[in-house]
There are 2 protein chains.
Amino acid sequence: MSDYPQQHSEPATAYHKSGDALPPVEQHAQQYETVRNAHETELIEDYVELIGDLLRHRGEARAADIANRMAVSQATVSKMIRRLNELGLVTSKPYRSLFLTEEGQKMAEISRTRHNVVLHFLRALGVDDSTARIDAEGMEHHVSDKTLAIMQRFTEQHQS
Amino acid sequence: MSDYPQQHSEPATAYHKSGDALPPVEQHAQQYETVRNAHETELIEDYVELIGDLLRHRGEARAADIANRMAVSQATVSKMIRRLNELGLVTSKPYRSLFLTEEGQKMAEISRTRHNVVLHFLRALGVDDSTARIDAEGMEHHVSDKTLAIMQRFTEQHQS
DNA sequence: CAAACAATTTAGCCTTGGCTAACAATCTTC
DNA sequence: GAAGATTGTTAGCCAAGGCTAAATTGTTTG
């Protein structure tokens with residue numbers, strides 16, 4: 001939890017006009033903490049998800065492909081692969097294609113599912129495809145499981 | 001734009017079964033670039049938005065309040081304030097409360113609006129309040145104007 | 001009005017995730 | 001099978017955004 005407890009700056013909030021009142025400090029703090037935590041895993045998940053997709057659709061995942069698709073230098077990818085390795089998410093022999101560990105596969109699967117739920121939801125909502133893709137990429141890591149479930153239900157009910 | 005042009009790793013994609021096929025490289029790259037760009041401004045916007053909210057609701061914005069509400073150390077806030085100052089978004093005399101510049105106010109207003117649209121949308125969708133708040137905080141910076149407009153329309157049509 | 005407490009700032013550290021440039025390995029092609 | 005192109009790695013740089021600890025300034029109160 002937070003190491004930065006509330007001191008006596010702010011008076012206790014009645015939280016009456018829930019409309020645009022400030023949320024209570026603890027809740028507010030939790031919102032930001034949740035976002036910060038999401039950011040830590042976000043990039044990792046994106047890599048793992050992309051590697052999984054490349055393996056599915058191409059049969060192999062090369063660093064160069066990742067660099068192209070992420071619009072990032074090969075050096076950056078190389079460094080990142082090392083981290084993924086240390087985290088036990090991918091296996092890689094130097095100068096060879098990448099593979100996901102068991103754990104990596106699980107993460108890829110979860111990410112892929114989440115991504116698809118958000119993407120299909122946005123389309124069901126009426127967002128055009130290319131906008132939906134961009135927004136989904138950004139949103140996917142910030143949608144809670146609860147909201148995700150609601151999105152999925154919505155999508156099923158609004159299939160054309 | 002991207003300095004990392006596609007080379008000859010991947011064959012050209014026909015992009016037929018749009019379902020879960022990989023998007024074309026350029027589009028895929030743009031998705032990730034958009035997310036990276038959003039991340040750069042995200043924190044700045046959160047600070048400015050919070051400062052604006054504190055000014056609205058409390059009449060002043062103290063560094064300590066920001067630290068408490070963001071669950072972050074005062075040192076971190078102090079450093080950030082300096083950045084906001086350099087960016088011309090806030091004015092601050094040392095050891096005194098903060099204020100937003102004209103530009104800062106504009107940014108705060110935009111952020112607040114965007115935040116509220118997402119929050120109300122999630123509630124209209126059926127997400128409970130505290131989940132909606134957390135998700136909105138993370139999502140707001142990744143929702144395009146197009147999608148935002150659609151969310152707003154949806155919310156208006158589903159008011160209870 | 002001085003002491004104690006609260007708030008702010010500064011200095012200095014760490015990790016992440018970018019980059020470029022130089023080097024190493026692999027693959028392709030003649 | 002060697003040359004040249006492509007791919008991958010390493011080294012070293014930078015900025016952002018966290019942190020702690022220590023110094024400084026403001027405020028409150030006995």
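**Exercise 1. Which helices each supply at least two residues of the surface near DNA strand C?**

Solution. The model is a predicted one, and the exercise concerns the protein surface that faces the strand. Step one is to list the helices: α3 (74–86) of chain A qualifies, as do α2 (63–70) and α3 (74–86) of chain B. Step two is to look for the main contributor, which is α3(A), giving the most to this surface with five residues. Step three is to consider the surroundings as a whole, where 24 residues surround DNA strand C, the closest being A:Thr76, A:Lys79, A:Arg83, B:Ala64 and B:Gln74. Of the atoms of DNA strand C that come within 4 Å of the protein, sugar and phosphate account for 71%. Step four is to sort the surface by class, which yields 11 nonpolar, seven polar and six charged residues.

**Exercise 2. Find polar atoms of the protein that lie within 3.5 Å of polar atoms of DNA strand C, and state which part of the strand each one meets.**

Solution. Begin with the phosphates: a backbone N or O atom of A:Ser73 lies 2.9 Å from a phosphate oxygen of DNA strand C, while an N or O atom in the side chain of B:Arg62 is 3.0 Å from a phosphate oxygen of that strand. Then turn to the bases, where an N or O atom in the side chain of B:Tyr95 is 3.4 Å from a base oxygen of DNA strand C.

**Exercise 3. Describe the backbone and the accessibility of A:Ala71 and of B:Tyr95, and decide whether each residue is buried or exposed.**

Solution. Take A:Ala71 to start with, a residue in the loop between α2 (63–70) and α3 of chain A. Its phi is near 60°, which is a positive value in a residue other than glycine. Because its relative accessibility is 6%, A:Ala71 counts as buried. Now take B:Tyr95, found in the loop between β1 (90–92) and β2 (98–100) of chain B, where phi is near 65° and again positive in a residue other than glycine. Its relative accessibility is 80%, so B:Tyr95 counts as exposed.

**Exercise 4. How many aromatic pairs does a search of the whole structure find over all chains, and which residues form one aromatic cluster?**

Solution. The search finds four aromatic pairs over all chains. One of them joins A:Phe154 and B:Phe154 edge-to-face, at 5.8 Å centre to centre and with 70° between the planes. This pair crosses between chains, running from helix α6 (residues 145–157) of chain A to helix α6 (residues 145–157) of chain B, and both of its residues are buried. Another pair, B:Phe121 with B:Phe154, is likewise edge-to-face, at 5.3 Å centre to centre and with 65° between the planes. The pair links distant parts of the chain, since B:Phe121 sits in helix α4 (residues 102–125) of chain B and B:Phe154 in helix α6 of chain B, 33 residues apart; B:Phe121 and B:Phe154 are both buried. The final step is to assemble the cluster, which is formed by A:Phe121, A:Phe154, B:Phe121 and B:Phe154.

**Exercise 5. What area do chain B and chain A bury between them, and which three residues of chain B supply more of the area that chain B buries than any other three?**

Solution. Counting contacts comes before area: 71 residues of chain B are in contact with 70 residues of chain A. Between them the two chains bury about 6100 Å², with 54% of it on carbon and sulfur atoms. On the side of chain B, the three residues are B:Tyr32, B:Arg69 and B:Arg133, which supply 13% of the area that chain B buries against chain A.

Definitions and conventions: Residues are numbered from 1 along each chain as its sequence is written. Chains are lettered from A and ligands numbered from 1 in the order in which they are written. Side-chain values use heavy atoms; hydrogens and water are left out. A residue is near a molecule or strand if one of its heavy atoms lies within 4 Å of it. A polar contact is a pair of N or O atoms within 3.5 Å; within protein, one must be able to donate a hydrogen and the other to accept it, and residues adjacent in sequence count only if both atoms are side-chain atoms. Helices (H or I, at least four residues) and strands (E, at least two) are DSSP runs, numbered from the N terminus. Ala, Val, Leu, Ile, Met, Phe, Trp, Tyr, Cys and Pro count as nonpolar, Asp, Glu, Lys and Arg as charged, and the others, Gly among them, as polar. Buried means under 20% relative accessible area, exposed over 50%, partly exposed in between (1.4 Å probe, protein chains only). Rings of Phe, Tyr and Trp (its six-membered ring) pair if their centres lie within 6.5 Å; planes under 30 degrees apart count as stacked, over 60 as edge-to-face and the rest as tilted. Contact means heavy atoms within 4.5 Å. Buried area is the accessible area (1.4 Å probe) that two parts lose on being put together, summed over both.
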